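Biologist: I am new to this structure, and I would love a close look at a single helix and its surroundings. Please pick one and walk me through it, side chains included.

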Amino acid sequence: MARIAGINIPVNKHVSVGLMHIYGIGRSRALAVCKAANVDPSTRVRDLTEPEVNSLRTQVSRFMVEGDLRRENSMSLKRLMDLGCYRGIRHRKGLPARG
């Protein structure tokens, strides 16, 4: 089982789909990571070699993912609420920001 950015990647999925289980990595970023790491996106995670997993780890570590990204998003939201701006008020009330 591959563990990247603190997340266990499902072994029966393609690499590009498995990387999307990491918070902050979507479809286009997963494909870009695979391309930069020289890994075929259609390869199953269970078929990856250890050097391939290591290269994927180094490529993913270039981006802000998981805990750091969640923390930054929550701090941005908190800043908006503290300012009392329109979007912050809507968040405080639990309403959609635009509507």
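Modeller: Let me begin with a term: rings of Phe, Tyr and Trp (its six-membered ring) count as an aromatic pair if their centres lie within 6.5 Å. In this predicted model, the number of such pairs is zero. A ring does take part in another kind of arrangement, though: Tyr-23 has the charged end of Arg-70 over its ring, 4.0 Å from the ring centre.

That arginine brings us to helix α4, which runs over residues 66-83. With its 18 residues, α4 spans 26 Å from first C-alpha to last, close to the 26 Å expected at 1.5 Å a residue.

Now look at which way its side chains point. Glu-66, Leu-69 and Leu-80 are the buried residues of α4. Viewed down the helix axis, they fall within an arc of 85 degrees, so they line one face of α4. Their packing partners are β2 (7-9) and α5 (86-93). Turn to the other side of α4 and you find Met-75, Asp-82 and Leu-83 exposed.

Follow the chain just past the end of α4, and you meet Gly-84, with a positive phi of about 80 degrees. Cys-85 is partly exposed, because its relative accessible area of 28% lies between the 20% and 50% cut-offs. Cys-34, in contrast, is buried, with a relative accessible area of 0%. As for disulfides, the structure holds zero.

How values were computed. Residues are numbered from 1 along each chain as its sequence is written. This is a predicted model: local features need pLDDT of at least 70, side-chain atom pairs count only at pLDDT 80 or more; totals for chains, interfaces and linings use all residues. Side-chain values use heavy atoms; hydrogens and water are left out. Rings of Phe, Tyr and Trp (its six-membered ring) pair if their centres lie within 6.5 Å; planes under 30 degrees apart count as stacked, over 60 as edge-to-face and the rest as tilted. A charge sits over a ring if NZ of Lys or CZ of Arg is within 6 Å of the ring centre and within 35 degrees of the ring normal. A disulfide is a pair of cysteine sulfur atoms within 2.5 Å. Buried means under 20% relative accessible area, exposed over 50%, partly exposed in between (1.4 Å probe, protein chains only). Helices (H or I, at least four residues) and strands (E, at least two) are DSSP runs, numbered from the N terminus. The expected span of a helix is 1.5 Å times one less than its number of residues. The arc is that of the directions from the helix axis to the C-beta atoms. Contact means heavy atoms within 4.5 Å.
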